[in-house]
Amino acid sequence: MNRRQFVRTAAGAAALLATQRRAYGYAVSPSVPKFNDPLPMFGADIPILSPNTTRYPGADYYEIVAGAFRQQLSSGLPATGSRLYGYADANAPNFRALGGAIIARKGTPVRIKYSSQLPAQHIIPFDPTIPMGPGIVGAEQNRIAIHLHGGLVPWASDGGPFHWVSPTGAVVGSSNVNWLHNDANALTNDLFYPNDQSSRFMWYHDHAIGTTRTSAYAGLATGYLITDAADDIVDAAYPLAGGKTFILVFQDKVFYNPARDPGFGNVAGPTTLNGAAAGDLWYPYIYEKAIWKMQGNAKAAPIPSAIPEMFGDTMLVNSRVFPTVSVDKGAYRIRTLNACNARFLNLKFVYADASGKEPLGGYLAPTVAPVNAWMIGTEGGLLPNPVQIFNQGRPLNPANLIPWLQAPAERSDMIVDFSQCASNSKVLLYNDAPAPYPVGAPVFDFYPGAAGNPGAAGIQPGTGPNTRTIMQFAVGAAAGLPAALPGLAGANPVLPTVPDPLNGGLKLAANVINGIAVNPVAKEITLNESFDAFGRLEQLVGTNISIGKGQFGRRYMDPATETVQYGSIEIWNVYNLTADVHPMHFHLFNCMVLRRRLFRSFNGTPAWAGLGRGPDPGEDGWKETIKMWPGECTTIAVFVEHPMPAGKYTRDAGGRPQVVVPQAPIGGVSQPPQTSTLPASPRPGINGDEYVYHCHILEHEEHDMMRPLVAR
Ligand SMILES: [Cu+2]
């Protein structure tokens, strides 16, 4: 049985029934011209915060506020702008989409105090019926929790689901502890990031339970870059004009078009949207049976309702709709982030036709542009060696049609060489990943004449909606930098691996690595699909122990089942019993892909279908967001480092980590340092340090594909 056959026979592909839509169906965005607007650049158009370096000597200190604002995201959208959420410097708030980015240096801690100015009512319909834990009510739709995605940080600064605070700080989630503040007005809204990680492109985004998917969609997300000496060498080889950092953040959105959905501005139920205007963000709020599977004779879902996956119809890069950027005929270092809620991106470079806006050769057989591209890093930093992704625009391995498939939350660090492209040509960044991935539903694929999409007739060439033509590179005539690949060997060491002839793929090279014994007991994890009390699809994570009726899936609020030890190496086997690829994201630790292996059936143990295969190209470094394919067991090696290692941070009598915080002088009088001790999580049943792991399809994460991760 191959992957596709499994998908066909599996018990529940998420969205296969899309043959008709209601008036308020999915393609509601107005037509917006493509490639008219310049690509915003981080550091120029998108604010990068400046640290206060004197408040806590030796650390970069930031005060960040989350707020609502309006900004025009396309010259083709109303000048009044779209209503958005974002981050800004709390002392001089200048809210811009994706604003509040941070550049950190390895070895220099970052401290953050954060607060919320969000409105009491969310700008995206709020569904209180998905699990949110005790004591959380709709009036706290403005709560926030800042999670540093990819950060090796003490658990109390992880910004997990229950780390949220309300705007005044008067109400906090049950995981919030006050350990860094020693002043009289102690609040629990501060964070400590040690930054003892190699260079890597991370991001921080909201993670408050019940509003993660909607607050991230509304805009609470931006970049967080750690640099180090190895990174400097790469940057020196690829300087960009003005010293700007070439980052591409991809998002799919829907912009409200009142002609298509008159009801959106006044959604019945717990939330009304207080006058959503044309051009504001639109988000699905009705569980449409015509699109989503529903259990048997289930009663109607509430309105507004959570939905299984949010797919936009209009693509943004760096907060701009279908932008364009001029490049020389040379090589660039480009870091990317898929910040879509649910959409996978299978990226490639294609030539544009004479209009410059549509793919030459059409949508089904676009003409590749002769771009050479190498991946040099992913979520966990630099790879052991550069991996060529495209040769003259074509996959290096002709059988691999998805060499640059980016799931939500995945990042890539790329060297992209336009030198072989025709002078003054237009090159489009093109995506043909089905949505949901990998089966796909035509209703979520937007381009002129899109087969099977009932909204395609309204899509004209040169305009959105469109989810295939993401952005345009306007290639000039001048020669640029050569693609001189950096030597990466030794910059970011990985665990040693060897081929595993018994199982296929790779295995760790030894039972003891760097003095650490590999835990001989692997963790057995399952990814599951089920239905909730309303008959709605829900995704779950479980172990290989049945909880009855052959079901393995557990909910986030169920007791923790995964505990890891600091300073350990473990093997996790994750069996995907669903029909979707799930990008599983692990807080706290990085991991390495060892093997993916098909199984025919799973009843607690797998019946294998042959040997497994090793990691895909570009997966041979550290990762924290890993694609888990349907019908496969993905085996990963997990390295659990302590975010505050004993050699650098002291311990109290009970063995709890401490951070000694230098204090700035007050009125010229030097102040003694303060010692802050990190407590264990107060949440019942955790009995240790509390993290989570979850699918990074945000609608899956919140309903309910997330589990506690306990570290001790
Ligand atoms: Cu998922």
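Start by selecting S116, which sits in strand β5. Keep in mind as you go that this is a predicted model. Is S116 buried or exposed? With a relative accessibility of 7%, S116 counts as buried, because the cut-off for buried is under 20%. Now show what surrounds S116. Setting aside neighbours within four places in sequence, S116 is in contact with V65, A66, N142, I144 and P167. To get a feel for distance, add Q565 to your selection: Q565 is 449 residues away from S116 along the chain, and their C-alpha atoms are separated by 34 Å.

**Next stop: a buried pair on β5**

Stay on strand β5 and pick R111, then pick D190. The side chains of these two residues meet in a salt bridge, 3.8 Å from N to O. D190 belongs to strand β7 (residues 190-193) and R111 to strand β5 (residues 110-116), so far as the sequence goes 79 residues apart. How accessible is each partner? D190 has 4% relative accessibility and counts as buried, and R111 counts as buried at 3%.

**Colour the domains**

Now zoom out and colour the chain by its domain assignment. Domain 1 takes in 3-9 + 20-27 + 253-479, domain 2 covers 41-227, and domain 3 is made of 497-641 + 688-711. Look at domain 1 and domain 2 together: their C-alpha centres lie 26 Å apart. The contact takes 40 residues from domain 1 and 41 residues from domain 2.

How much area is buried between domain 1 and domain 2? The figure is about 3200 Å², and carbon and sulfur atoms give 57% of that. Select L281, Y283 and R411 to see which residues lead on the domain 1 side. These three supply 18% of the area that domain 1 buries against domain 2, more than any other three residues.

While you have this interface on screen, turn to its charged pairs. Across the interface of domain 1 and domain 2 there are 2 salt bridges. For another salt bridge to look at, select R70 and D280, whose side chains meet at 2.8 Å, N to O.

**More salt bridges**

The structure holds 29 salt bridges, and a couple more are worth a visit. Select D413 and R333: their side chains meet in a salt bridge at 2.6 Å, N to O. D413 is in strand β21 (residues 411-417) and R333 is in strand β15 (residues 331-338), and the two are 80 residues apart. D413 counts as buried at 8% relative accessibility, and R333 is buried too, with a relative accessible area of 6%.

Move on to E379 and K623, where the side chains form a salt bridge at 3.0 Å, N to O. Which parts of the chain does this pair tie together? E379 lies in the loop between β17 (372-378) and β18 (381-391), while K623 lies in the loop between β35 (606-608) and β36 (625-628), so the pair links parts that are 244 residues apart in sequence. Both E379 and K623 are buried.

Then go back to D413 and R333 and widen the selection to include D231, D235 and R335. Salt bridges that share partners join D231, D235, R333, R335 and D413 into one network.

**An open sheet**

Switch to a cartoon view and find the sheet built from 6 strands. It is an open sheet, its order is β1-β14-β23-β22-β16-β20, and the pairing is mixed. Why is one side of β1 and of β20 left without a neighbour in the sheet? β1 (37-38) and β20 (405-406) stand at the edges and have a single partner strand each, so one side of each has no neighbour there.

Look closer at the β1 edge. β1 runs parallel to strand β14 (residues 323-329), and 2 bridges join them. Select P38 to see one bridge position: the bridge partner of P38 in β14 is T324.

**Last stop: the copper ion**

Finish by centring on the copper ion. Which residues coordinate the copper ion? H582 (ND1), C695 (SG) and H700 (ND1) do, at 2.0 to 2.1 Å. Along the sequence, these donor residues are spaced H-x112-C-x4-H. H582 lies in strand β33 (residues 582-586) and C695 in strand β40 (residues 689-695), so this pair ties together parts that are 113 residues apart in sequence. Both H582 and C695 are buried.

How values were computed: Residues numbered from 1 in each chain as written. Predicted model: local features only at pLDDT ≥ 70, side-chain atom pairs only at ≥ 80, totals over all residues. Heavy atoms only, no water. Pairing = 2+ DSSP bridges. Helix = DSSP H or I, 4+ residues; strand = E, 2+ residues; numbered from the N terminus. Donors = N, O, S within 2.8 Å, 3.2 Å for Na, K, Ca; no water. Buried < 20%, exposed > 50% of the residue type's maximum accessible area, 1.4 Å probe, protein only. Domains from an automatic or database assignment. Contact = heavy atoms within 4.5 Å. Buried area = accessible area lost by both parts, 1.4 Å probe. Salt bridge = Lys/Arg side-chain N within 4 Å of Asp/Glu carboxyl O.
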